[in-house]
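Me: Please take a close look at any enclosed space in this one, and tell me what sits around it. Keep it chatty, I'm at the bench.

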Amino acid sequence: MFSYSFGDKSFETLLEAEGLTAAFNANLEKAVTYAKSLAASSLLPFARQASDGPDMAPIADAAARINATCDDLVVLGTGGSSLGAQAAIALARFNKGKVRIHTPDSLCPFEMDLLFRELDTRRTHVLAVSKSGTTAETLAQLLACRAWIEAGEHAANLGDHFTFITEPGKRPLRTYGEKLGSPILDHPTDVGGRFSVLTNVGMLPVAVSGLSVKSFREGAEEVCDDFIKNPGAATAVVGAALTQTLNEHKGITQVLIMPYAESLRAFTRWHGQLWAESLGKDGLGTTPIRAVGPVDQHSQLQLFLDGPNDKFCTFVTIPSYGKGPRIDPAEAKAYGLDYMAGRTIGDTVTCQSRATQETLRAKGRTVREIVIDALSEKNLGGLFVSFMLETVVTAHLMGVDAFDQPAVEEGKVLTRQYLNELDI
Ligand code: PA5
């Protein structure tokens with residue numbers, strides 16, 4: 001399904017050349033011991049979202065109901081309650097004729113005005129997602145959406161325009177959904193926001209988009225099986241040990257994720273949040289950088305090549321020789337473009353990614369390439385779980401808790417206070 005490599009040389013050779021073999025081995029041993037302890041308890045709950053799990057039917061039912069009644073689905077949620085869904089449904093962006101899915105994850109008055117101008121209240125459904133059920137952005141958007149739908153033409157039962165995902169228990173979002181009489185799906189209590197992509201949070205939008213929830217989860221299960229069977233060779237474990245070693249001994253303070261596929265652009269946003277919010281703690285952490293190839297070769301690559309050597313670069317590639325439109329040979333030659341005559345767009349992109357990685361390596365940068373064999377639900381499910389596992393194993397090596405975010409809570413409290421104090 002997917003594999004990783006570090007160019008022509010093995011990463012053991014690269015580590016030896018840098019004098020980092022002993023440091024890496026020590027981190028790897030610690031990472032493997034931790035991975036085995038996770039495996040012994042059949043992994044963490046975020047990874048245990050089974051392709052035949054009890055939530056499959058409720059997800060399918062909710063998706064069928066939404067699909068039957070609307071043309072536009074507005075998914076309200078922020079951070080982990082939106083980014084996973086965005087990354088997953090990016091694979092469906094060419095599914096014509098399906099429900100259009102909007103994900104206004106950043107509270108923006110202008111975007112909301114625009115959305116309300118464009119959409120038809122009669123054919124709009126709102127999915128409000130918040131694990132805590134207390135997030136100000138999501139609640140503000142929800143109240144605004146309700147007022148907009150109520151003021152327009154709508155179903156006899158207003159609650160039919162809404163679906164909710166939130167944790168059980170008393171919380172504003174749940175109470176709101178109950179009062180509207182709308183369907184409410186339980187957010188799993190043992191899965192954190194940014195780790196929730198494989199739960200109903202990511203998978204309900206996936207089902208609405210026409211993609212296969214089962215395939216996403218099967219891909220994740222495959223990666224989990226490999227992780228359990230042979231943790232020492234798992235991409236997540238080796239990646240975590242390497243990141244930690246490079247951070248401790250080579251001044252690496254940033255991690256770059258650079259896929260060569262537009263459909264994985266949203267994936268880089270998902271990864272950025274996962275990595276930053278899970279690992280930026282106690283004065284520690286490595287900063288995630290997002291880029292997409294080949295377009296960002298024309299924006300950030302100069303810095304990656306010639307700026308400070310402080311990045312661990314991960315390329316995610318899909319070998320695409322022969323894929324995409326083919327360039328007419330005669331036409332290309334007529335303009336002196338012989339090197340692209342008869343080549344496909346996929347040939348070009350694959351060569352660009354290869355050339356960029358080689359140039360980075362020649363400049364002494366550490367470059368990992370994760371190769372997936374296709375842009376599929378299965379592979380994306382595998383990537384999700386692999387990067388989540390890499391994050392928690394890295395957190396273990398750093399000695400931080402991957403699952404909390406104490407620092408951002410302070411700002412949330414102040415926002416509520418300032419809103420209260422506003423003179424209106
Ligand atoms: O990962 C996290 O925990 C956060 O990014 C949350 O997902 C985000 O703050 C939204 O929280 P909630 O789902 O409670 O609205």
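Reply: On a 1 Å grid over the protein atoms alone, a cavity is a set of points where a 1.4 Å probe fits but cannot get out; a residue lines it if an atom is within 4 Å of a point. Volume is the space filled by probe spheres set on points joined across faces, edges and corners. This is a predicted model, with local features needing pLDDT of at least 70 and side-chain atom pairs 80 or more, while totals for chains, interfaces and linings use all residues. Numbering starts from 1 along each chain as its sequence is written, and side-chain values use heavy atoms, without hydrogens or water.

Searching the whole structure turns up 1 cavity of 30 Å³ or more, and about 50 Å³ of space lies in it. Go round its wall and you meet T243, V255, I257, H271 and W275, then F312, T314, R368, F387 and E390. Which elements give two or more residues to that lining? They are β7 (254–259), α11, β9 (311–317) and α15 (377–398), with helices (H or I, at least four residues) and strands (E, at least two) taken from DSSP runs and numbered from the N terminus. By class the wall has 5 nonpolar, 3 polar and 2 charged residues; Asp, Glu, Lys and Arg count as charged, Ala, Val, Leu, Ile, Met, Phe, Trp, Tyr, Cys and Pro as nonpolar, and the others, Gly among them, as polar.

Now follow α15 out from the cavity. Its axis and that of α10 (residues 235–249) come within 8 Å and cross at roughly 40 degrees. That angle makes α10 oblique to α15, given that under 35 degrees is roughly parallel, over 145 roughly antiparallel, 65 to 115 roughly perpendicular and the rest oblique. The axes are lines fitted to C-alpha atoms over the stretch in contact, with angles from 0 to 180 degrees between N-to-C directions. The α10 and α15 crossing is right-handed, meaning the near helix is turned clockwise from the far one by less than a right angle (anticlockwise would be left-handed). On to the next partner: α2 (residues 21–40) and α10 have axes that come within 9 Å and cross at roughly 140 degrees. α2 and α10 are therefore oblique to each other as well, and α2 passes α10 in a right-handed crossing.

Back at the cavity wall, α11 is worth following too. α11 (265–279), α6 (136–151) and α16 (406–421) each supply at least two residues to the lining of the largest pocket, a pocket being an open set of points with protein on both sides within 12 Å along at least five of seven lines. This pocket has a volume of about 760 Å³. Of its 26 lining residues, T78, T135, Q405, E409 and K412 lie nearest the centre. The largest share, 6 residues, comes from α16. By class, the pocket lining splits into 5 nonpolar, 14 polar and 7 charged residues.

Past α11, the loop between α11 and β8 holds D282. Phi of D282 is near 55 degrees, a positive value in a residue that isn't glycine. Beyond β8 (287–290), the loop leading to α12 (301–306) contains P294, and the peptide bond joining G293 and P294 is cis, with omega about -5 degrees. Most residues other than glycine have a negative phi, and most peptide bonds are trans.
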